[in-house]
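Reader: I'm new to this structure and would love a close look at a single part of it. Could you take me through the small sheet and whatever sits against it?

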Amino acid sequence: MRWDCPNGDASEFDWLAFEQSGVLTRTQAEALLGRHPVHRHLELGRWRTICRNLLLTHNGPMHPEQQLWVAVLTAGPGALLAGRSSATAGGVVGLRREPIQVLIPAPRNRTGNAERLPPDMPEIQIFRTARLPQSHCRTGRPPRTTQARSVVDAAAWAEGDDEARTIVVSACQQRRVTPEEIGRVLDVFPRIKRHRLIARTIADIAGGALSLAEVDFVTLCRKFELPAPKLQQRRRDAAGRNRFLDAYWPEFRLHVEVDGAYHVVDEQWAADMIRQNDVWIKGDRILRFPASLIRSRPDVVALQLQQAMNAAARS
């Protein structure tokens with residue numbers, strides 16, 4: 001069930017049900033309708049009880065937006081949608097949706113209601129914070145942390161470093177937040193988990209890395225003490241069209257293409273091969289590596305890069 005925007009003469013209850021997607025605390029419902037009408041709706045099965053003091057103003061399954069409201073209202077006063085859940089609500093796609101992540105002020109105790117939710121409600125992760133300036137909060141349905149704060153928290157709470165970097169890169173790549181905005185939030189939390197990893201990732205993105213594979217490649221160069229490449233360098237192909245090189249060392253005339261996956265023989269694959277041949281014809285060396293190899297065998301990739309640089313230095 002979805003709620004249409006109420007008309008001008010709608011009641012305060014109708015507006016609240018609309019704003020909160022039909023998820024209300026019992027206190028809210030009884031304050032606006034009275035105790036007896038609320039009890040009657042529940043008794044007749046028109047409404048559902050989600051948990052103690054939390055109601056759903058219909059009797060069907062919850063949809064995702066209602067689940068977010070349940071998570072925030074269950075967590076209690078001052079709670080905000082946070083981390084991956086807030087980043088996703090703000091438009092970042094491709095992140096894990098469960099469990100739902102919520103942030104509460106440090107003085108608050110965690111609620112026990114989250115452990116007594118119905119089967120159609122995902123798990124809720126509730127985190128506490130001692131630093132939640134107003135500039136990190138934003139109005140939403142439900143209220144949530146800003147996109148930059150959400151990304152920093154999500155990366156800190158991630159299950160591993162790879163997921164943390166994926167969150168940061170995805171948010172920036174999809175233009176939902178900038179590295180500078182993330183950096184300003186990061187400055188507020190000098191001891192946050194993965195501070196160094198997040199800082200390096202946004203530095204690589206600010207330097208031109210547009211995908212996680214390119215961030216991995218820059219990290220590989222740093223680890224094996226190879227010269228830092230120039231990223232996303234523009235050049236014209238034989239047809240006069242602008243192309244962008246994933247990584248380029250002008251001093252070695254060495255160009256690296258990072259493939260996100262193994263290509264099939266299609267139009268895009270053919271275009272990539274033509275562009276690669278065009279570079280070779282002009283005298284540059286070009287190496288291609290799948291993203292999976294950069295992660296699984298960085299030593300092999302680094303060795304070939306070093307060999308190509310040595311060959312260029314001798315020629």
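Author: Let's start with one term: two strands count as paired if DSSP finds at least two bridges between them. Keep in mind that this is a predicted model. With that in hand, here's the sheet: three strands make an open sheet in the order 1-3-2, and the pairing is antiparallel. Strand 1 (23–25) and strand 2 (48–51) stand at the edges, and each has a single partner strand, so one side of each is left without a neighbour in the sheet. Going from one strand to the next, the twist averages 35°.

As for what holds such an arrangement together, strands of a sheet pair through backbone hydrogen bonds, either parallel or antiparallel. Now pick out one pairing here: strand 2 and strand 3 (residues 54–56) join in the antiparallel sense over three bridges. If you want a spot to find on screen, look for R48, which stands opposite L56 in strand 3.

Next, what sits against the sheet? Helix 4 (residues 64–75) lies across strand 1, strand 2 and strand 3, and it runs at about 15° to strand 1.

While you're looking around, one more stop is H136, in the loop between strand 6 (124–129) and strand 7 (137–138). H136 counts as buried because its relative accessibility is 6%, and the cut-off for buried is under 20%. Leaving aside residues up to four places away in sequence, H136 touches R144, T145, T146, R149, V185, V188 and F189. With one of these, R149, there's a polar contact from side chain to side chain, at 3.0 Å.

Notes:
Residues are numbered from 1 along each chain as its sequence is written. This is a predicted model: local features need pLDDT of at least 70, side-chain atom pairs count only at pLDDT 80 or more; totals for chains, interfaces and linings use all residues. Side-chain values use heavy atoms; hydrogens and water are left out. Helices (H or I, at least four residues) and strands (E, at least two) are DSSP runs, numbered from the N terminus. Buried means under 20% relative accessible area, exposed over 50%, partly exposed in between (1.4 Å probe, protein chains only). A polar contact is a pair of N or O atoms within 3.5 Å; within protein, one must be able to donate a hydrogen and the other to accept it, and residues adjacent in sequence count only if both atoms are side-chain atoms. Contact means heavy atoms within 4.5 Å. Axes are lines fitted to C-alpha atoms, for helices over the stretch in contact, and angles run from 0 to 180 degrees between N-to-C directions.
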